[in-house]
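Grab a coffee and open the viewer. Below are a few short exercises, each with a solution worked out step by step.

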Amino acid sequence: MPDARTLIAIYPGSFDPLTNGHLDIIHRAANLADHLTIAILNNSAKQPLFSVGERLSMIRESTSKIANVEVDSFSGLLVDYAARRSANGIIRGIRAISDYEIELQMALINRRLRPETETLFLMAGEEFSFISSRMIKEIITLGGDVSAFVPPVVLKRLREKLPASR
Ligand code: PNS
């Protein structure tokens, strides 16, 4: 019998905003991990649509029924945050081969910086393979319907923030 080990995982990202693709990865990761922290990067160099506080509350509301999930934010290096949380896994979602190159580079850098944290790639369901936060912001800004791509609370906040959208 293999040793039972505990997986303390972090799912980091910008989540600006959370999509149904992210939620799919969160459900898959929560099924694997003992504890999963969704960690929003607080990046002062970027101008996000939603503040960290708004993203925290939208993700909390969308994941409230998943018992082993917690939502937090971090600044600085991901591996330093992982060390503070005693995490041994970093979760990243892969949609298509185009995600692979940058994700591989990040995983290898993070492993060099902190070998105790292993990156685990999860494949989003194929129905989410074309969804990205950037596309959602573009579609809704141009008046398109994104209701199939984001959780209800995100749709509501997008409509409040961008009143011209539908
Ligand atoms: O959702 P995103 O924007 O693809 O997430 C990228 C993220 C937040 C995972 C990445 O930018 C990150 O980890 N930033 C923290 C800074 C860091 O640790 N950089 C070195 C490793 S790439």
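**Exercise 1: the pocket lining**

Sort the lining of the largest pocket by residue class, then find out which elements build it.

*Solution.* Start with the classes: 20 nonpolar, 13 polar and nine charged residues line the largest pocket. Keep in mind that this is a predicted model.

Next, take the whole set: the lining has 42 residues, and Pro12, Gly13, Ser14, Arg92 and Glu103 are the ones nearest the pocket's centre.

Now go to the elements. At least two lining residues come from each of strand 1, helix 1 (20-32), strand 4 (89-94), helix 4 and helix 5 (133-141). Helix 4 is the top contributor, giving eight residues to the lining.

Finish with the volume: the largest pocket holds about 1100 Å³ of space.

**Exercise 2: the ligand and its shell**

Where does the ligand sit, and which elements give two or more residues to the shell around it?

*Solution.* Begin with the place: you'll find the ligand in the largest pocket. Two or more shell residues come from strand 1 (8-13) and from helix 4 (97-113).

Then list the neighbours, counting a residue if one of its heavy atoms lies within 4 Å of the ligand. That gives Pro12, Gly13, Ser14, Leu41, Phe74, Gly76, Leu77, Leu78, Arg92, Met106 and Asn110.

Sort these by class and you get six nonpolar, four polar and one charged residues in the shell.

**Exercise 3: polar contacts**

Which residues place a polar atom beside an oxygen atom of the ligand, and at what distance?

*Solution.* Use a cut-off of 3.5 Å between N or O atoms, and go through the contacts one by one.

- Ser14 uses a polar side-chain atom, 2.6 Å from a ligand oxygen.
- Leu78 uses its backbone instead: an N or O atom there lies 2.8 Å from an oxygen atom of the ligand.
- Arg92 brings in a polar side-chain atom, 2.9 Å from a ligand oxygen.

To wrap up, look at the cover: on its own the ligand has 540 Å² of accessible area, and the protein covers 70% of that.

**Exercise 4: backbone oddities in a loop**

Look at the loop between strand 1 and helix 1, where Phe15 and Pro17 lie. What is the phi of Phe15, and what kind of peptide bond joins Asp16 and Pro17?

*Solution.* Take Phe15 to begin with: its phi is near 50°, which is positive although the residue isn't a glycine.

Then step along to the bond between Asp16 and Pro17: this peptide bond is cis, with omega about 0°.

Notes. Residues numbered from 1 in each chain as written. Predicted model: local features only at pLDDT ≥ 70, side-chain atom pairs only at ≥ 80, totals over all residues. Heavy atoms only, no water. Near = heavy atom within 4 Å. Polar contact = N/O pair within 3.5 Å; in protein donor to acceptor, adjacent residues only side chain to side chain. Areas by Shrake-Rupley, 256 points an atom, 1.4 Å probe, with all protein chains shown as cover. 1 Å grid on protein atoms, 1.4 Å probe; cavity = no way out; pocket = protein on both sides within 12 Å on 5 of 7 lines; lining within 4 Å. Sits in = over half its atoms within 2 Å of the grid points. Helix = DSSP H or I, 4+ residues; strand = E, 2+ residues; numbered from the N terminus. Nonpolar A, V, L, I, M, F, W, Y, C, P; charged D, E, K, R; others polar. Points joined across faces, edges and corners; volume = space filled by probe spheres on them.
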